[in-house]
Amino acid sequence: GALPGWDRVEELVVEAHRRHSADDSGAVADYIPLLGAADPSLFGLAVVDASGGVHDAGDALHEFSIQSISKMFVYALAIQAHGHARVRDIVGVNNTGLAFNSVMALELNGGHPMNPMVNAGAIATTALMTGADADEKWERIRDGLSAFAGRELPFDDEVYHSEMKTNERNRALGRLLSSYGRLTGDSDEIVDVYTRQCALNVTAHDLAVMGATLADGGVNPVTGERVVSADVCRDTLAVVAASGLYERSGEWLFEIGLPAKSGVSGGIVAVSPGKGAAGAFSPRLDSAGNSVRAQLAIGHLSRSLGLNLFASA
Ligand code: GLN
């Protein structure tokens, strides 16, 4: 089945936004200095259905850096380039049960990154991008994510520089991957590209379009462009379901029943295969680094639209 008619979805999106706009629990991330300056009252919600119908509420057109949400789309591009088996051998698909920037998760697993939705695995995934050098990899990431969004995504230079000043930990993960022979190329250059991909700007509306492209078997339902294959969408969404909200992924799947990916700037995208996607943004995070209001609003929509993948009725 599809989503209900446009008017009904519009009503539910507006309601999900209104219901949760007063929640002020959680805290804005500040380990990347510039993120700490975000206005915590911002709250945007958007839904795009698999046939391209669009719904925006609140600050749905406010731009923020995509951060970790880039991981799922770069992973999709890597599978598109190299295929299921090769990528599966290089980056695992199990949840780490540890924080997104954990070094332990990599060490405990003999240097084999456990999944592409946390930093170690994401850095290894970025290294898989095709291109002769770091600049070409970056270009392909930017073009690929822009194709998912259906517009040229702007690069936030300030966020990039702010993170580059404070990303010793990601550089350490890059070096560790290299030491285990799990990264080809210069690890600092790969971490630089990874940091750039995290500094691409999106809106909640963009996230919904990007997610809807995965819901629609890899065709952007707004532009009509094929970005990846349907097999790539299936693989990506399975990994996102297992690890998209870090160590909270199981709780999320249990309560809400949709693959979803978060980022520390406050964005979340959730995908309902075949139906559409929701994008949400609000800067206050829970202790795992997932936006509180975005989880509440998307949870609300999953229930009101009957999207839980595990529900038989
Ligand atoms: N750029 C951030 C980092 O690497 C992304 C983390 C996130 O969004 N959870 O630390």
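# A walk from helix α5 outwards

Start by selecting helix α5, residues 119-127: nine of its nine residues are buried, so the helix is largely enclosed by the rest of the structure. Keep in mind on this tour that you are looking at a predicted model. Coloured by residue, the buried stretch of α5 runs through Asn119, Ala120, Gly121, Ala122, Ile123, Ala124, Thr125, Thr126 and Ala127. What should you switch on to see what covers the buried residues of α5? Show α2, α3 (84-90), α4 (104-107), α6 (134-149), α8 (168-179) and α9, which are among the covering elements.

**Next stop: α9 and Tyr194**

Stay with one of those covering helices, α9, and pick Tyr194, which is found in this helix of residues 187-198. Tyr194 counts as buried because it has 28 C-beta neighbours inside 10 Å, where 20 or more are needed. Leaving out residues up to four places away in sequence, Tyr194 touches Ala122, Ile123, Thr126 and Asn170. You have already met Ala122, Ile123 and Thr126 among the buried residues of α5.

**The annotated positions**

Now make a selection from the UniProt record: an unreviewed entry lists Ser68, Asn119, Glu163, Asn170, Tyr194, Tyr246 and Val264 under "binding site". Such annotations may be inferred rather than shown by experiment.

From that selection, centre on Glu163, which lies in helix α7, residues 157-165. Is Glu163 buried or exposed? Glu163 counts as buried, since it has 23 C-beta neighbours inside 10 Å. Its contacts, not counting residues up to four places away in sequence, are Ile32, Thr195, Cys198 and Ala199.

**Two loops with a positive phi**

Tyr246, also in the UniProt list, takes you to the loop between α11 (230-243) and α12 (249-255). Check its backbone: phi is positive, about 55 degrees, although Tyr246 is not a glycine. Most residues other than glycine have a negative phi. Tyr246 is buried, as 25 other C-beta atoms lie within 10 Å.

Then jump to Gln67, in the loop between β4 (64-65) and α2 (70-82). Gln67 has a positive phi too, of about 50 degrees, and is not a glycine. With 25 C-beta neighbours inside 10 Å, Gln67 counts as buried.

**Where α2 and α11 cross**

These loops border the two helices to show next, α2 and α11. Two packed helices are described by the angle between their axes and the distance between the axes. For α2 and α11, the axes come within 9 Å and cross at roughly 140 degrees. That angle makes α2 oblique to α11, and the crossing is right-handed.

To see the contact itself, select both sides: Met72, Tyr75, Ala76, Ile79 and Gln80 in α2 meet Val232, Asp235, Thr236, Val239 and Val240 in α11. Colour the contact by residue type and you will find seven nonpolar residues, two polar and one charged.

**Last stop: Arg293**

Finish at Arg293 in helix α13, residues 292-304. How many other C-beta atoms lie within 10 Å of Arg293? There are 30, so Arg293 is buried. Set aside the neighbours within four places in sequence, and Arg293 is in contact with His20, Asp23, Phe43, Ser282 and Arg284. Before you close the viewer, draw a distance from the C-alpha of Arg293 to that of Ile268: these residues are 25 residues apart in sequence and 9.7 Å apart in space.

Note on methods:
Residues are numbered from 1 along each chain as its sequence is written. This is a predicted model: local features need pLDDT of at least 70, side-chain atom pairs count only at pLDDT 80 or more; totals for chains, interfaces and linings use all residues. Helices (H or I, at least four residues) and strands (E, at least two) are DSSP runs, numbered from the N terminus. A residue is buried if 20 or more other C-beta atoms lie within 10 Å of its own, exposed if 12 or fewer, and partly exposed in between; C-beta atoms are placed from the backbone. Axes are lines fitted to C-alpha atoms, for helices over the stretch in contact, and angles run from 0 to 180 degrees between N-to-C directions. Angles under 35 degrees count as roughly parallel, over 145 as roughly antiparallel, 65 to 115 as roughly perpendicular and the rest as oblique. A crossing is left-handed if the near helix is turned anticlockwise from the far one by less than a right angle, and right-handed if clockwise. Two residues are in contact if their C-beta atoms, placed from the backbone, lie within 7 Å. Ala, Val, Leu, Ile, Met, Phe, Trp, Tyr, Cys and Pro count as nonpolar, Asp, Glu, Lys and Arg as charged, and the others, Gly among them, as polar.
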